[in-house]
Amino acid sequence: EILIGLVGSEMCIRDRSIPERSIVGCRIWRSRSHVRWGEVYALATPDGVVIKKIMPSEKDGYIKCVSFNEEEGFIPYDLPADEIQDWAIVVGVVTVMNWV
């Protein structure tokens with residue numbers, strides 16, 4: 001299992017969200033033949049880690065990355081599966097708050 005520190009408003013999930021500075025708990029997903037469509041994954045890409053709900057793409061060799069915060073300009077996009085260096089399924093989120 002791995003932990004990822006989140007910077008920015010990458011993922012909002014309807015009534016739940018992953019606020020900035022949260023710690024995201026993930027489990028490495030080794031299988032490439034069985035993908036849990038509709039689940040939230042942390043995907044390691046050459047440009048960094050993205051946290052998205054993944055869906056099948058209409059394009060061969062791609063997955064569709066979906067955010068629930070589309071109103072902030074995060075529209076779904078297709079990502080080449082061969083650009084994903086590692087996959088981890090999100091299993092929990094810890095929100096860090098500062099008390100001032």
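Is Tyr-41 buried or exposed? Buried: its relative accessibility is 0%. Keep that residue in view, please. One caution before we go on: this is a predicted model.

Let's start with the rings. Searching the whole structure gives two aromatic pairs. Trp-29 and Tyr-41 make one of them. Their centres are 6.4 Å apart, and the planes meet at 85 degrees. That is edge-to-face geometry. Now the sequence context. Trp-29 sits in the loop between strand S4 (23–28) and strand S5 (40–45). Tyr-41 belongs to strand S5. The two parts are 12 residues apart in sequence, so the pair ties them together. Trp-29 is buried too, at a relative accessible area of 12%.

Next, Tyr-41 again, with another partner. Which arrangement do the rings of Tyr-41 and Trp-87 adopt? With centres 5.8 Å apart and planes at 85 degrees, the pair is edge-to-face. Here the link joins distant parts of the chain. Tyr-41 is in strand S5, while Trp-87 is in strand S9, residues 86–94. They are 46 residues apart. Both Tyr-41 and Trp-87 are buried.

Put the pairs together. Trp-29, Tyr-41 and Trp-87 become a cluster linked by ring pairs. Tyr-41 takes part in the pair with Trp-29 and in the pair with Trp-87.

One further ring deserves a look. What sits over the ring of Tyr-62? The charged end of Lys-59 does, 4.8 Å from the ring centre.

On to the cysteines. How many disulfides does a search of the whole structure find? Zero. Please look at Cys-26 and Cys-65 all the same. Cys-26 is buried, at 1% relative accessible area. Cys-65 is buried as well, and its relative accessible area is 1%.

Last stop, the surface. Which residues form a nonpolar patch there? Ile-23, Val-94 and Val-96. Together they have about 210 Å² of accessible area. Val-96 is found in the segment after S9. At 33% relative accessibility, Val-96 is partly exposed.

To recap. Ring pairs join Trp-29, Tyr-41 and Trp-87 in a cluster. Lys-59 places its charged end over Tyr-62. Cys-26 is buried, Cys-65 is buried, and the disulfide search comes back with zero. On the surface, Ile-23, Val-94 and Val-96 make a nonpolar patch.

How values were computed: Residues numbered from 1 in each chain as written. Predicted model: local features only at pLDDT ≥ 70, side-chain atom pairs only at ≥ 80, totals over all residues. Heavy atoms only, no water. Phe/Tyr/Trp six-rings, centres within 6.5 Å; stacked < 30°, edge-to-face > 60°. Helix = DSSP H or I, 4+ residues; strand = E, 2+ residues; numbered from the N terminus. Buried < 20%, exposed > 50% of the residue type's maximum accessible area, 1.4 Å probe, protein only. Lys NZ or Arg CZ within 6 Å of the ring centre and 35° of its normal. Disulfide = S-S within 2.5 Å. Patch = residues over 30% accessible without salt bridge, like charges linked within 9 Å, V, L, I, M, F, W, Y side chains within 5 Å. Areas by Shrake-Rupley, 256 points an atom, 1.4 Å probe, with all protein chains shown as cover. Salt bridge = Lys/Arg side-chain N within 4 Å of Asp/Glu carboxyl O.
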